[in-house]
Amino acid sequence: MTKKQKAKIVVERLNENYPTEIVCYLNYNKDYELLFATILSAQCTDDRVNIVTKDLFEKYKSLEDYIDAPIEELEKDIKSTGFYKNKAKSLKESAFKLLTNFNGILPSEIEELITLSGVGRKTANVVRCHIFKIPSVVVDTHVKRITNKLGLTTNTDPVKIEFDLMKILPKKSWIAYNHQVIAHGRKICKAPTPKCATCFFTDICTDYKKRNKID
C-alpha cells in the first residue's frame, strides 16, 4: 500500500468518526487575536491559553495597547502559558509590525505571516485555515505524533511533515485533518498510553503493527 492509498483510508475513517467542519480550539474575537493566541499556545494547552486570553483580550483592546504596555506587565499577564518572556516580546513586536508593515490588517500570505515575530509555518497555517479559510496543513504535536504512528511520514521536522501531507492528502481534507487528528489524539491515540483496543486504525497503523510484531 502506498502512502497516498493509506492517506485516503485514513481520511475516510476520520470523516466517519469525527466532524468535518472547521473547529478552532482557541477563543478569539479579532483576527489578530487568533494569531496572538496561537503564539501563546506554543508548549501550552489550548485550555490554559483560553483562560489567559479571556482577561488578556479584555485588557488589551488594540494593537497599540500591546505596543504601549510595559514588557514586564505583559509578561506577568501571560506568565502561566510558559516561555512568557519570549512570548511577550513576540506579541509586542508582532503588534508593531502589523501596524507599521500591514496597516493593522492581518495578512493572508504565509510568506508575510512568517515575518511576524514568533510566527512559524504552524501558526501561520492556523491563521490561514480559520481566518481566511485557505486550505493549509497544520502540524501540531498531535498531528506530528499520529501521522508518524500511522506511517504517513517518517520525518520528525514539522515543516517536512507538512509538505509530506500536502502530497498525499486530498486538498479538500487539509483543514479537517488537523482538527480530526487532534480529536483522535485526545480521545483514543493518547500519549503516552494510546487506547489501541478502541482504535479504528490498528489494521493500517505502522506503530501498532511494529509493537505487536504484525507483518
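**Close-up 1. The start and end of helix α9 in this predicted model.** Where α9 begins, Asp140 points a side-chain oxygen at the backbone nitrogen of His142, coming within 3.2 Å of that atom. The helix itself runs over residues 141-150. Just after α9 comes Gly151, and its phi is positive, near 85°.

**Close-up 2. The buried side of α9.** Have a look at the residues of α9 that are tucked away: His142, Val143, Ile146, Thr147, Lys149 and Leu150 are buried. They sit on the same side of α9 because they cover an arc of only 160° around the axis. In an α-helix there are 3.6 residues a turn, so residues three or four places apart point the same way. And what do the buried residues of α9 pack against? Their partners are four other helices: α1 (3-17), α10 (158-168), α11 (174-187) and α12 (206-211).

**Close-up 3. Thr147 and its surroundings.** Now zoom in on one residue of helix α9, Thr147. Is Thr147 buried or exposed? Its relative accessibility is 0%, so Thr147 counts as buried. Its side chain makes a polar contact with the side chain of Tyr177, at 2.8 Å. Setting aside neighbours within four places in sequence, Thr147 touches His142, Leu152, Thr153, Ile161, Leu165 and Tyr177.

**Close-up 4. The largest nonpolar core.** This core holds 36 residues, and Leu35, Phe36, Leu56, Tyr66, Leu91 and Leu98 have the most contacts inside it. Which helices each supply at least two residues of this core? They are α2 (31-40), α3 (46-59), α4 (63-68), α5 (71-78), α6 (84-102), α7 (110-113) and α8 (121-130). Helix α2 gives the largest share, 7 residues. More broadly, nonpolar side chains in soluble globular proteins tend to be buried together.

**Close-up 5. Tyr66 and its contacts, plus another core.** Neighbours within four places in sequence aside, Tyr66 is in contact with Tyr32, Phe36, Leu56, Phe57, Tyr60, Leu74, Leu91, Lys92 and Ala95. Apart from the largest core lies another one, of 26 residues, including Tyr18, Ile146, Phe200 and Cys205. You've met Ile146 already, as one of the buried residues of α9.

**Close-up 6. Glu111, an exposed residue.** For a change of scene, here's Glu111, which belongs to helix α7. With a relative accessible area of 53%, Glu111 is exposed. Glu111 and Arg121 are 10 residues apart along the chain, and their C-alpha atoms are separated by 9.0 Å.

How values were computed
Residues numbered from 1 in each chain as written. Predicted model: local features only at pLDDT ≥ 70, side-chain atom pairs only at ≥ 80, totals over all residues. Heavy atoms only, no water. Buried < 20%, exposed > 50% of the residue type's maximum accessible area, 1.4 Å probe, protein only. Arc of directions from axis to C-beta. Contact = heavy atoms within 4.5 Å. Polar contact = N/O pair within 3.5 Å; in protein donor to acceptor, adjacent residues only side chain to side chain. Core = buried A, V, L, I, M, F, W, Y, C linked by side-chain atoms within 4.5 Å.
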